[in-house]
Amino acid sequence: MCTLEKRGNVFILTFTGEDQHRFNPNLIGSLLSLLSQVKAEATGGSALITQAQGKFFSNGFDLDWAQAAGSEQGAAERLHHMVALFKPVTAALLSLPMPTVAAITGHAAAAGFLLALSHDYLIMRKDRGVLYMSEVDIALTIPDYFNALFREKIGDASVRRDLLLRGLKMKGDEAEKRGVVEAAYGGEAEVREASVRLAENLGKRKWNGEVYAEIRKGLYPQLSAILGLTHKAYTIARL
């Protein structure tokens, strides 16, 4: 389950409960609905923080739901269905007309890592939680838009290799050192405080949201193309 609240100009989207926040059709649908609400209510100065309760930011797709299909073919079809359903989540974050911050206070694995990386800024804790792409360990290939996001968001090829081909479980200190996250802090409270502080400071700039989203899409042209997002090459905002 996920909830949305607004504090001043900052939207806070929270995965609630103590579970692993695995993405199945129900949770993906709720997430998309809340992101649509954020976009509809956006104003100059808005910002978004995505966070989670418990030990996990998100542990990726709900493989138990996939396997409950009762056959190998059925499980594969359900997994492909989740991959397709999750693609608009990435598109929604890439086109959101405001700065976005992922407050990672627990493990972010597979699609959960992808969700975090879809934000403009990642804030992580040092004492608990890892970033982990489990696909190589569990014999799953990586969808095209996952690969595009990693290529364009993480510039260092050795970091991408370690995450995608070694299955490295990257802790906060290393993630900060290697440029995957903006900053890492000592505990949950510090991560949440830093995320709110960053979101509020970004919001104070009161950038034009449409222009902000267009610049973001232009930064990641391959990803935008795969997601089917159009990019206006030049936009003049009203002053």
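Select helix α1 in this predicted model and display its buried residues, which pack against β1, β2, β3, α3 (72–94) and α4 (111–117). The residues to show as sticks are L27, I28, L31, L34, L35 and V38, the buried residues of α1. Looking along the helix, you will find them on the same side of α1, because they cover an arc of only 130 degrees around the axis. Now turn the helix over: the face directed away from that buried side carries the exposed residues N26 and A40.

Keep α1 selected and look at its course. The helix, residues 25–41, lies across β1, β2 (10–15) and β3 (47–52), and runs at about 20 degrees to β1. With 17 residues, α1 reaches 24 Å from its first C-alpha to its last, close to the 24 Å expected at 1.5 Å a residue.

Next, hide the helix and select the strands beneath your view. β1, β2 and β3 belong to an open sheet of six strands, which has the order β1-β2-β3-β5-β7-β10 and mixed pairing. At its edges are β1 (2–7) and β10 (183–185), each of which pairs on one side only. Neighbouring strands of this sheet are turned by 20 degrees against each other on average, if direction is ignored.

Begin with the edge at β1, which runs antiparallel to β2 and is joined to this strand by six bridges. To place one partnership exactly, select L4, whose bridge partner in β2 is L13. Then move to the hairpin of β1 and β2, where two residues lie between the strands and where G8 takes a positive phi near 65 degrees.

For the parallel part of the sheet, select β5 (residues 100–104) together with β7 (residues 121–125); these two strands run parallel and are joined by four bridges. Here A102 is a useful residue to label, with L122 as its bridge partner in β7.

The last stop is Q51, a residue of strand β3. Is Q51 buried or exposed? Its relative accessibility is 12%, and Q51 therefore counts as buried, the cut-off being under 20%. Show the surroundings of Q51 and, leaving aside residues up to four places away in sequence, you will find that Q51 touches I12, L13, T14, F15, F57, A103 and R192. Among these neighbours, select R192 and draw a distance between the two side chains, since this is where a polar contact of 2.9 Å joins Q51 and R192. L13, which Q51 also touches, is the residue already met as the bridge partner of L4.

Technical notes: Residues are numbered from 1 along each chain as its sequence is written. This is a predicted model: local features need pLDDT of at least 70, side-chain atom pairs count only at pLDDT 80 or more; totals for chains, interfaces and linings use all residues. Side-chain values use heavy atoms; hydrogens and water are left out. Two strands pair if DSSP finds at least two bridges between them. Axes are lines fitted to C-alpha atoms, for helices over the stretch in contact, and angles run from 0 to 180 degrees between N-to-C directions. Contact means heavy atoms within 4.5 Å. The expected span of a helix is 1.5 Å times one less than its number of residues. Buried means under 20% relative accessible area, exposed over 50%, partly exposed in between (1.4 Å probe, protein chains only). The arc is that of the directions from the helix axis to the C-beta atoms. A polar contact is a pair of N or O atoms within 3.5 Å; within protein, one must be able to donate a hydrogen and the other to accept it, and residues adjacent in sequence count only if both atoms are side-chain atoms.
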